[in-house]
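Me: I should like a close look at the aromatic side chains and their setting, set out as one connected account. Please carry the reasoning through wherever a geometric criterion decides a classification.

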Amino acid sequence: MDVIDRFFSYVSFDTQSDENSTSCPSTEKEMRLAEALVQELQSLGLSDARMDKHGCVYAHLHAAPGQEMIPALGFIAHMDTSPDAPGANVRPRRVLYRGGDLPLDEAGSILLDAQTLTPYAGQELIVTDGTTLLGADDKAGIAEIVSAAAYLLEHPEIPHGPICIAFTPDEEIGRGTEHFDLSAFGASAAYTVDGGTLGELEYENFNAANAHIHFTGFNIHPGEAKNKMRNAILLAQEFLSLMPPAETPAHTEGREGFFHVNRIEGNESAADLYFLIRDHDRTAFEARKEQLSRMASYLNGKYGSDTAVLHLRDIYYNMREKIEPEHMDLIHRAAAAMEAEGVTPRIVPIRGGTDGAQLSWKGLPCPNLCTGGVNFHSVREFIPVPALETMVRILVRIAAVPDSKEA
Ligand SMILES: [Zn+2]
């Protein structure tokens with residue numbers, strides 16, 4: 001089996017995770033792929049491959065002879081697909097892209113536009129039929145990792161240290177590392193293989209917090225409300241009017257942070273606002289939380305204490321704080337491997353989080369590598385065949401001992 005066969009096999013499993021589920025993994029069906037992966041890894045020769053009770057797959061590739069002292073390096077990908085697009089009955093198709101818009105469905109109404117596809121002219125692409133996502137996020141990562149492991153097993157002459165492999169469930173619903181067993185994994189550093197187009201290399205992500213503000217109003221019959229009613233809906237609206245207008249996702253890019261209001265509910269008696277707070281800079285992130293707190297205090301000063309009650313919860317932090325001081329070798333190593341395969345590394349700050357961010361803060365430095373996939377979480381998701389093949393070679397190069405002084 002090559003990386004393409006593997007990819008086609010993995011996307012045939014429906015592994016959509018479910019944020020409304022409280023079980024782990026969130027859906028039973030994620031375990032079907034986990035079981036298949038354990039079997040495949042064992043048949044390749046990774047005899048300790050297993051799935052734990054939370055649906056996470058672990059496997060280890062022994063160091064090449066004489067390389068046992070090298071610190072163990074890990075590769076991680078996730079098995080679930082996003083709830084944002086249908087994930088069952090994926091019908092992947094290989095097409096040679098010659099130019100122009102590429103119709104996905106038979107009616108020709110769902111298109112991959114020429115602008116997106118221009119860089120891939122002359123390449124074979126794996127696309128959907130327009131009704132489901134493809135699942136390159138992150139089954140491309142899994143196929144690349146398994147294929148790189150298979151390659152190293154077939155080429156015992158390539159020197160490499162111990163390689164640790166993990167495939168996690170529920171990354172798409174933010175629970176991929178909840179039960180991640182660092183000691184079972186065993187690596188001292190790792191990469192997630194979960195990024196986008198070829199060349200992406202990431203070690204910066206948002207600091208993230210969620211905010212909930214509860215507004216308590218005072219309701220009374222509108223006919224008798226003069227100087228008495230305090231409408232909670234209007235309190236929430238007043239709070240929103242205090243928000244900086246340009247600091248939203250729609251007005252920011254790069255390393256600019258934002259407030260994102262993503263839910264409002266209520267009536268005259270009580271109302272609730274929900275926000276995402278995101279910023280790459282930790283100081284600015286803390287200042288954003290402080291800003292919401294001052295706005296709540298302002299309303300409380302104006303209308304009485306406990307009018308607005310703010311709840312803040314930190315979700316994850318920027319991994320840069322963990323990588324930059326002592327683990328930039330991981331970035332250099334990945335960049336060198338890409339360059340050796342003719343791929344120009346593009347180091348970009350992620351406007352989101354990754355499993356690697358959580359792991360980096362738990363003590364496992366873990367930048368993110370590209371998979372080569374495009375248009376994640378969408379029925380227009382696709383991956384170029386050469387990107388899949390190139391990533392296998394890049395992973396092999398990252399795994400291989402870069403030079404004798406590291407041995
Ligand atoms: Zn992903």
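Reply: Phe382 is buried, with a relative accessible area of 0%, in what is a predicted model. Counting ring pairs whose centres lie within 6.5 Å, one finds nine aromatic pairs. In one of them, Tyr120 and Phe382 have ring centres 5.5 Å apart and planes at 85 degrees; since planes over 60 degrees apart count as edge-to-face, this pair is edge-to-face. Tyr120 belongs to the loop between α3 (114–117) and β7 (124–127), whereas Phe382 belongs to the loop between β16 (368–370) and β17 (383–384), so their contact ties together parts that are 262 residues apart in sequence. Tyr120 has a relative accessibility of 12% and therefore also counts as buried, the limit being under 20%.

The pair formed by Phe215 and Phe239 has ring centres 5.6 Å apart and planes at 65 degrees, so this pair too is edge-to-face. Here Phe215 is part of strand β11 (residues 207–216) and Phe239 part of helix α6 (residues 232–241), so a strand and a helix are tied together across 24 residues of sequence. Phe215 counts as buried at 0% relative accessibility, and Phe239 likewise counts as buried at 0%.

Elsewhere, Tyr58, Phe180 and Phe185 form one aromatic cluster. Two tyrosine rings also have arginine partners. The charged end of Arg263 sits over the ring of Tyr274, 4.0 Å from the ring centre. Arg282 lies over the face of Tyr317, again at 4.0 Å from the centre of the ring.

Beyond the aromatic contacts, the zinc site also links distant parts of the chain. Its protein donors are His78 (NE2), Asp137 (OD) and two OD atoms of Asp194, at 1.9 to 2.8 Å from the zinc ion. The angles subtended by the four donor atoms run from 51 to 147 degrees, whereas a tetrahedral site needs all angles between 85 and 135 degrees; the arrangement is therefore irregular. Along the chain, the donors of the zinc ion follow the spacing H-x58-D-x56-D. Within this set, His78 in strand β3 (residues 73–78) and Asp137 in helix α4 (residues 136–154) are 59 residues apart and link distant parts of the chain. His78 is buried, with a relative accessible area of 1%, and Asp137 counts as buried at 6%.

Conventions: Residues are numbered from 1 along each chain as its sequence is written. This is a predicted model: local features need pLDDT of at least 70, side-chain atom pairs count only at pLDDT 80 or more; totals for chains, interfaces and linings use all residues. Side-chain values use heavy atoms; hydrogens and water are left out. Rings of Phe, Tyr and Trp (its six-membered ring) pair if their centres lie within 6.5 Å; planes under 30 degrees apart count as stacked, over 60 as edge-to-face and the rest as tilted. Helices (H or I, at least four residues) and strands (E, at least two) are DSSP runs, numbered from the N terminus. Buried means under 20% relative accessible area, exposed over 50%, partly exposed in between (1.4 Å probe, protein chains only). A charge sits over a ring if NZ of Lys or CZ of Arg is within 6 Å of the ring centre and within 35 degrees of the ring normal. Donors are N, O and S atoms within 2.8 Å of the metal (3.2 Å for Na, K and Ca); water is not among the atoms, so sites may look incomplete. Four donors count as tetrahedral if all angles lie between 85 and 135 degrees; four count as square planar and six as octahedral if opposite donors are over 155 degrees apart and all others between 65 and 115; anything else is irregular.
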